[in-house]
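Work through the exercises below with the sequence and the model in view. Each task is followed by a solution in steps.

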Amino acid sequence: MEAKLLKRHIEHNNQIRCVYCEENLLLGEPIYVDIAHTMTHQRCGHYLKLKDKGTLTSVALK
Ligand SMILES: [Zn+2]
C-alpha cells in the first residue's frame, strides 16, 4: 500500500471511490485492498485477491 499517497488523498479531502458501486469510501468504513491496490467496500469486493483489509483509516496508516 502506498500509505503516503493515500494519506495525501485523505488530507486533501479527495474522494476515493469503490470501483464496484462507485460510492465514496468513507474513512471509518471497512474496505478491502486488492493486489493491484484497488480499494472497495468489504460488502462489494469479497471476491478480490486481497492484499489488505480494514477501515480506510487503518489501511492508510500502515
Ligand atoms: Zn462499494
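Two strands pair if DSSP finds at least two bridges between them. Helices (H or I, at least four residues) and strands (E, at least two) are DSSP runs, numbered from the N terminus. The model is predicted: local features need pLDDT of at least 70, side-chain atom pairs count only at pLDDT 80 or more, and totals for chains, interfaces and linings use all residues. Residue numbers start from 1 along each chain as its sequence is written.

**Exercise 1. The elements**

Task: State how many helices and strands the protein chain has, and the order in which its elements run.

Solution. Step one is the count: the protein chain has 2 helices and 3 strands. Step two is the order: read from the N terminus, the elements run α-β-β-β-α.

**Exercise 2. The sheet**

Task: Find the order of the strands in the sheet and say which strands stand at the edges.

Solution. The 3 strands make an open sheet in the order 2-1-3, with antiparallel pairing. Strand 2 and strand 3 are at the edges; each has a single partner strand, so one side of each lacks a neighbour in the sheet. On average, neighbouring strands of this sheet are turned by 25° against each other, direction ignored. For this angle, axes are lines fitted to C-alpha atoms (for helices over the stretch in contact), and angles run from 0 to 180 degrees between N-to-C directions.

Next, take the pairs one by one. Strand 1 (residues 30-34) is joined to strand 3 (residues 50-55) by 5 bridges in the antiparallel sense. Here P30 has T55 as its bridge partner, and V33 has D52. Strand 1 and strand 2 (residues 39-41) also run antiparallel, joined by 3 bridges. On that side, Y32 is opposite T40.

**Exercise 3. The hairpin and positive phi**

Task: Which residue in the hairpin turn has a positive phi, and where is E22, which also has a positive phi?

Solution. Strand 1 and strand 2 form a hairpin with 4 residues between them, and H37 in the turn has a phi of about 65°. H37 is a residue other than glycine. For exposure, count the other C-beta atoms, placed from the backbone, within 10 Å of a residue's own: 20 or more makes the residue buried, 12 or fewer exposed, and a count in between partly exposed. H37 counts as exposed because its C-beta neighbours inside 10 Å number 12.

E22 is not a glycine either, and its positive phi is about 65°. E22 sits in the loop between helix 1 (3-11) and strand 1. E22 is exposed because 8 other C-beta atoms lie within 10 Å.

**Exercise 4. Two more residues of that loop**

Task: For C21 and E23, find the exposure class and the contacts beyond four places in sequence.

Solution. Two residues are in contact if their C-beta atoms, placed from the backbone, lie within 7 Å.

- C21 is in the loop between helix 1 and strand 1. C21 is partly exposed because it has 13 C-beta neighbours inside 10 Å. Its contacts beyond four places in sequence are H41 and C44. The C-alpha atoms of C21 and R43 are 9.8 Å apart, although 22 residues separate them along the chain.
- E23 is in the loop between helix 1 and strand 1. E23 is exposed because it has 12 C-beta neighbours inside 10 Å. Beyond four places in sequence, E23 touches R17 and C18. Its C-alpha atom is 9.4 Å from that of T40, 17 residues away along the chain.

**Exercise 5. The core and helix 2**

Task: Which residues form the largest nonpolar core, and is S58 buried or partly exposed?

Solution. A nonpolar core is a set of buried Ala, Val, Leu, Ile, Met, Phe, Trp, Tyr and Cys residues joined through C-beta atoms within 7 Å. The largest one holds 9 residues: L6, C18, I31, Y32, V33, M39, L56, V59 and A60. At least two of these come from strand 1, and at least two from helix 2 (56-60). In soluble globular proteins, nonpolar side chains tend to be buried together.

Leaving out residues up to four places away in sequence, L56 touches L25, L26, L27, E29 and I31. S58 belongs to helix 2. S58 is partly exposed because 14 other C-beta atoms lie within 10 Å. The C-alpha atoms of S58 and L27 are 8.7 Å apart, with their places 31 residues apart along the chain.

**Exercise 6. The whole chain**

Task: What share of the protein chain is buried, and what share of its contacts joins residues at least 24 apart?

Solution. Of the 62 residues, 18% are buried. Among contacts between residues at least 6 apart in sequence, 38% join residues at least 24 apart.
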